[in-house]
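Got the viewer open? Let's take a short walk through this model, one selection at a time.

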Amino acid sequence: MPDLDYRQKAWSAGLIVMFFAAWELFCLMTGMSDLVLPRPSQVLVTLVEKFPILWPHILQTLATTMIGFVLGVGLGVLLGVVIGVSRTAYDTAYPLLVGFSSIPKVAVVPIFVLWFGSGSVPAVLTALSICFFPIVVNIATGLATTEPELEDVLKALGASKFDILWNVGLPRTMPFFFASLKVAISYAFVGAVLSETVASNRGIGNVMMTASSNFNVPLVFAGLFVLAGLGVALYVVFSVIEGRVTGWATRKNDLIAT
Amino acid sequence: MMRMQPHSEFRGSPVPGPAAPIAIELSEASVTFGRGARAVPALSTTTLRIADGEFVALVGPSGCGKSTILRLVSGLVQPTSGVIVVGGREVAARALRVGMAFQNPTMLPWMTIERNIMLPLKIVEPFRSKFRKLRKTEFRDKANALLEQVGLKGFGTRYPWQLSGGMLQRANLCRALIHEPRLLLLDEPFGALDQFTREELWSILQELWIAHRPTVLLVTHDLREAAFLGGRICVMSARPGRILDDSRVAFARPRTIAMTFEPDFVALNQKLRAFIVDARAASSKAAAAHGEA
């Protein structure tokens, strides 16, 4: 149903434009000082002007986020598979994982800094530790809830545990995995920027920190815009991959289209 | 515990002649699910021998442990007591190539029908080691040839959710057959189909059996189905199941649907029906007595 799709997209775009227009109007009508809330147009101008300075910081944040994310996904998948395959491991390890995930990650940044000094390493580690939990939970849940009937098809053929995991468990878990990837990439961003604001001399987080101590509020907002843009871009990338890999799980839309 | 009474005119010797080797042997096998107070006996001590190339139909009231016997033979369930020997060795050894079709078609939703049907080739030797090389040529042709045989030509590239229940059941049968199994375990594979589709698939299955002569163990509710397909019919009692009667079916093959309306065939059906009605009555009486106590 392409009609509905277009209308949906038009509404989304309209809402975004309206949001910024309302913001702009609000600032103009109340005569808001740009030290408190700069207008979006001011933020855009700052963004364009300062872009050459911002660029290396964008790359820095992107790099730490992606490294942390990739490591977090690797670790998360590994742990998720172990926990998901074995009922005992699931029951045993879950309380520890929940406890670990409940710790606010701001609290661990100083510890990482203490161990590794300030800079990229704590940013990567914070991104990793914050993004790997949703991956573990989703992989483990996907595997643990695989229908025994599907597994029986392979078991009756004398398939090994690994065969069953590879041919049934993992493909079945893919929709869960991609759902968690989209959450995890946003989390990784939060982790990296968080660590940069606390302990780094590079990265968007650090730029925003410095700008705010100089009362350069439009630059702070420019940093926010950059973060939002990067977050959306990465989310889109994973949504597209998800659509290709796990189209079977969202087939109802296709059925209407064909 | 279980003795077979010389009960029927259709009954032959329970042990097949020495010429045919034994494909399946259940010796004093029983199954109980759960433990202690919650234990549910699913299958009473049962002894059953099936010769290589035999077509055996298992009938009985629902919940009587027919499927449990299939699951024992396929290794999906372990016996609580007794021994299961398949192809001369313990079940776990997989001495025979086994094909199984379940009551639900259970196609993997992320694969096309073609790839679903090729799944056994991906798992079972000697096909497994050649799978990467042949999956786009010989194996795919094989899958499509089978699909054509069951009337699903051209549906190989569809996904399971694009097919109706009856079509999925046909595909399910293809998946059970593609790796040329020597032992075919069918768990009410035609249960959810309309009568005409069912009869059509009976004939297809019969043709395949005559051509390849695998050993078949078919679990069914449908007495006509059992009598049409089976070379031998085992009637089971209500839960916990045991084998009440074990008869040979003498009708010549290939059998036709028209034959199912002839007096001999109808008489056999009625005899089987009487067994199951008795078994059901006995079990409800037992349940009532249990309730009073």
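Start by selecting B:Val73. Skipping its neighbours within four places in sequence, you'll find B:Val73 in contact with B:Ile24, B:Ile84, B:Val86, B:Val91, B:Leu185 and B:Leu217. Keep in mind as you click around that this is a predicted model.

Now widen the view to the core. B:Val73 belongs to the largest nonpolar core, a set of 89 residues. Add B:Leu58, B:Cys174 and B:Leu217 to your selection: together with B:Val73, they touch the most other members of that core. Next, colour helix H5 of chain B, residues 165–177, which gives the most to this core, with 7 residues.

There's another core to visit, lying apart from that one and made of 45 residues. To land in it, pick A:Phe69, A:Ile130, A:Ile139 and A:Phe177, which are among its members.

While you're there, show chain A by itself. What kinds of elements does chain A have? You should see 11 helices and 0 strands. Its C-alpha atoms fill a box of roughly 75 × 55 × 30 Å along the principal axes. Of the 258 residues of chain A, 35% count as buried. Taking the contacts in chain A between residues at least 6 apart in sequence, 76% join residues at least 24 apart.

Last stop: bring chain B back and look at where the chains touch. Chain B puts 16 residues into the contact and chain A puts in 15. On the chain B side, select strand S6 (98–101) and helix H2 (113–123), the elements that give two or more residues to it. Colour that side by class and you'll get 12 nonpolar, 3 polar and 1 charged residues.

Notes
Residues numbered from 1 in each chain as written. Chains lettered and ligands numbered in written order. Predicted model: local features only at pLDDT ≥ 70, side-chain atom pairs only at ≥ 80, totals over all residues. Core = buried A, V, L, I, M, F, W, Y, C linked by C-beta atoms within 7 Å. Buried ≥ 20, exposed ≤ 12 C-beta atoms within 10 Å, placed from the backbone. Helix = DSSP H or I, 4+ residues; strand = E, 2+ residues; numbered from the N terminus. Contact = placed C-beta atoms within 7 Å. Nonpolar A, V, L, I, M, F, W, Y, C, P; charged D, E, K, R; others polar.
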